[in-house]
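Biologist: I should like to go through this structure term by term. Please set each value against its definition.

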Amino acid sequence: MSEREHDVVLYGATSFVGALTADYLARHAPTGARIALAGRSRAKLESVRAGLPAPGSDWPLIVADSTDRAALDAMVSSTTAIASTVGPYAKFGLPLVEAAAAAGTHYADLTGEVTFAREAIDATDAVAQRTGARIVHSCGYDSIPSDLGVLLLHAQVQADGEGELTDVTTVARVRGGVSGGTIDSMRGLADTVKSDRATVKLLRDPYGLSPDRGGEPDTRQPSDSPAPHRLPDGKWAAPFVMASYNTRIVRRSNAIAGYSYGKGLRYGEVMATGAGPVGAVTAGAVTAGLGAMLAGFATPGARQLLDRVLPKPGEGPSEETRRKGFFRHDLDAVTTTGAHYTGRVSGSGDPGYAATAVMLGESVLCLALDGDRLPSRAGSLTPATAMGPALVERLRTAGHVYEAARA
């Protein structure tokens, strides 16, 4: 693949997060990295490129529509790795994944859609294993902090000889905005749920992204939608909006790695809402709000109201919101020997945009440039099983925190 024209192609460079990722790559990619911007509109690509600092202002452009398989085949064949921000992935994503797998081209995206990830896994895993492609979904805030955070805990436990992980809980603290693309994905999921019982079954399955569902243990997993409750430190917690996706990525990583984390691993995520009466009220409001939004998308009258007030596709948080945002995940773990471990993953900037641009940018650079340092796997993988320590090192260098230690 070193003989290909490009090291990296960024597909969807004109989207909100795509433009942020292009800017990140222009500022932080190593000297000499061969990068191209791609999308369906040359005029919009030229506009994005014109706003980039050098060397991004001179990067080549590739025009390719997600419905044009010939154009997708030509694009993926020109590059070692491709990153896609073109969502909702359930609508637009599968042809590109199939093209990348067939061409032996490494692939990264930002999906948080269980249904798309399952479809893409089933369609491309075997092909990618034959061609040597690493197909890596969820290379942004969904689900790199969760996936790499548990990987680091496992590595530290293993280094200390303290058995396997049994119980791990991630407590998320975040500040940031919501994008129109994320909202559009939620709309699409609500539509699918109404018409397809199999989708409901998949969404309820804690091992829904397993590489071998029949081989999974019968370990009872924590609820993705727990009632408001107190954490061990006395503060309050509510459901975390991405728990139902992130937890499945972590369990998939464990299975791909031969259950090295522990076949009895129980993994859950919640969101911290603060202390005292304010924390309790906030936890209740978050719980009710998430339920109301999901129900609203399934109800015609309420959906029309939500469509008027929520961000549209292509819209995202302001520059100030992105700058003031942050994320912090605190992990608490217990092992089979009874040892306790803690972990922390954090970063500055709005998690879904500013921080995600860093994660996706470093992921695609890792896939393109760090081949000799990556785990010797191919197929439909996860950030932890495809890139692991190499990506952790890159993200630390980019300013994110990744820590794990005995409590």
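Biologist: What makes the pair Arg266 and Asp167 a salt bridge?

Modeller: A salt bridge is a side-chain nitrogen of Lys or Arg within 4 Å of a carboxyl oxygen of Asp or Glu. For Arg266 and Asp167 the closest N and O atoms are 2.6 Å apart, so the pair satisfies that definition. By this rule the count comes to 18 salt bridges. The model is predicted: local features need pLDDT of at least 70, side-chain atom pairs count only at pLDDT 80 or more, and totals for chains, interfaces and linings use all residues. Residues are numbered from 1 along each chain as its sequence is written, and side-chain values use heavy atoms, with hydrogens and water left out.

Biologist: Why is the pair said to tie together parts that are apart in sequence?

Modeller: Arg266 lies in strand β10 (residues 266–274) and Asp167 in strand β7 (residues 165–175), so the salt bridge joins parts 99 residues apart in sequence. Helices (H or I, at least four residues) and strands (E, at least two) are DSSP runs, numbered from the N terminus.

Biologist: How do you know that β7 and β11 are paired?

Modeller: Two strands pair if DSSP finds at least two bridges between them. Strand β7 and strand β11 (residues 326–335) have 10 bridges, in the antiparallel sense, so they meet that definition. In β11, Ala333 is the bridge partner of Val168.

Biologist: What makes β11 and β12 a pair, and how many residues lie between them?

Modeller: Strand β11 and strand β12 (residues 340–348) share nine bridges in the antiparallel sense; Phe326, for instance, has Ser348 in β12 as its bridge partner. The two strands form a hairpin with four residues between them, and Gly338 in the turn has a positive phi of about 90°.

Biologist: Which strands form the open sheet, and which are its edge strands?

Modeller: Seven strands form the open sheet, in the order β3-β2-β1-β4-β5-β6-β13, and the pairing is parallel. The edge strands are β3 (61–63) and β13 (379–381), as each pairs on one side only. Within this sheet, β1 (residues 6–11) and β2 (residues 35–39) pair over four bridges in the parallel sense, and Val8 stands opposite Ile35 in β2.

Biologist: Why is α14 called oblique to α16?

Modeller: Axes are lines fitted to C-alpha atoms, for helices over the stretch in contact, and angles run from 0 to 180 degrees between N-to-C directions. Angles under 35 degrees count as roughly parallel, over 145 as roughly antiparallel, 65 to 115 as roughly perpendicular and the rest as oblique. The axes of helix α14 (residues 354–369) and helix α16 (residues 389–397) come within 10 Å and cross at roughly 135°. That angle makes α14 oblique to α16.

Biologist: Which kinds of residue make up the contact of α14 with α16?

Modeller: Contact means heavy atoms within 4.5 Å. The residues that meet include Val358 and Met359 in α14 and Ala390 and Arg394 in α16. The contact divides into eight nonpolar, one polar and two charged residues. Ala, Val, Leu, Ile, Met, Phe, Trp, Tyr, Cys and Pro count as nonpolar, Asp, Glu, Lys and Arg as charged, and the others, Gly among them, as polar.

Biologist: Why is α1 also called oblique to α14?

Modeller: The axes of helix α1 (residues 16–28) and α14 come within 8 Å and cross at roughly 60°. That angle makes α1 oblique to α14. Among the residues in this contact are Val17 and Leu20 of α1 and Ala354 and Leu365 of α14.
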